Amino acid sequence: MFSIENFYLFLTVSIIVNLSPGPDMIYTAARSLSQGIKGGIFSALGVFCGCLFHITAATFGLSKIIEESVLLFSIIKYAGAAYLVYLGIKALFNKRRKAEITNLARLSNKKIFTQGMLTNILNPKVAIFFLSFLPQFIDPHSHYVKEQIAFLGLWFDLQGMLVLLLVATLVGAFRGLLQKNTGFWNWQEKITGLILLGLGVKMLFTKK
């Protein structure tokens with residue numbers, strides 16, 4: 001389906017991306033801060049289910065593009081690499097506002113789950129990210145294109161959910177300390193920015 005080297009690279013980059021304080025992690029952390037561990041867990045589960053929508057769309061969308069034209073897929077792939085560079089630069093210079101992490105109204109667990117799912121589904125940046133990220137690890141000449149996309153997407157989603165569950169538990173347990181310190185999130189984001197920037201540059205200048 002895909003080379004071992006590419007899969008190891010995917011594992012490395014995906015775990016770092018999932019560990020970054022993006023919108024999903026910030027939402028989960030904010031719920032954990034305001035409503036404890038349980039609120040964060042329902043947030044994480046909602047995000048996981050929302051992400052399945054984008055995985056399904058990417059699986060059928062990218063595979064259709066490859067069927068139509070490998071050249072078009074290559075164009076999308078390099079455009080995606082450029083987008084990863086953009087995300088990396090943006091993360092390096094972004095400053096997380098405290099209000100993004102601490103100010104959320106209390107909701108029922110059902111509403112927390114639904115909000116997490118809809119927030120992910122309705123976020124066009126998630127769809128763009130999948131269309132930018134997954135093609136970097138796909139062999140368009142394989143007979144298992146859909147399987148490659150679906151497998152990598154599901155792995156990324158499951159891994160992300162485990163990270164969010166860990167965040168929900170830790171943030172909920174240390175909510176008093178973390179409410180006073182947003183510097184931790186900014187530091188994490190800078191590291192992720194460097195990783196995305198490096199990956200994007202590598203893909204832009206790598207001929208396959």
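Here is a short chat about the predicted model shown above.

Colleague: Hi! How many helices and strands are there in the protein?
Modeller: Hello! This predicted model has nine helices and zero strands. Going along from the N terminus, the elements read α-α-α-α-α-α-α-α-α.

Colleague: Okay, and what share of the residues is buried?
Modeller: Of the 208 residues in the protein, 45% are buried.

Colleague: Can we zoom in on one helix? Which residues are buried in helix 6?
Modeller: Sure! Helix 6 covers residues 124–133, and its buried residues are V126, F129, F130, S132 and F133.

Colleague: Why do they line one face of the helix?
Modeller: Look down the axis of helix 6: the buried residues fall within an arc of 165 degrees, so they line one face.

Colleague: Nice. New topic, the outside! What supplies the area that the protein exposes?
Modeller: The protein exposes about 10,700 Å², and 71% of that comes from carbon and sulfur atoms.

Colleague: And which residues make the nonpolar surface patch of about 380 Å²?
Modeller: That patch is made by Y78, V201, L204 and F205.

Colleague: Where is Y78 found?
Modeller: You'll find Y78 in helix 3, which spans residues 70–93.

Colleague: Why does Y78 count as partly exposed?
Modeller: Because its relative accessibility is 31%, and partly exposed lies between the buried cut-off of under 20% and the exposed one of over 50%.

Colleague: Last one: what about contacts with a separation of 6 or more? How much do residues 24 or more positions apart account for?
Modeller: In the protein, such pairs make up 88% of those contacts.

Terms used
Residues numbered from 1 in each chain as written. Predicted model: local features only at pLDDT ≥ 70, side-chain atom pairs only at ≥ 80, totals over all residues. Heavy atoms only, no water. Helix = DSSP H or I, 4+ residues; strand = E, 2+ residues; numbered from the N terminus. Buried < 20%, exposed > 50% of the residue type's maximum accessible area, 1.4 Å probe, protein only. Contact = heavy atoms within 4.5 Å. Areas by Shrake-Rupley, 256 points an atom, 1.4 Å probe, with all protein chains shown as cover. Arc of directions from axis to C-beta. Patch = residues over 30% accessible without salt bridge, like charges linked within 9 Å, V, L, I, M, F, W, Y side chains within 5 Å. Salt bridge = Lys/Arg side-chain N within 4 Å of Asp/Glu carboxyl O.
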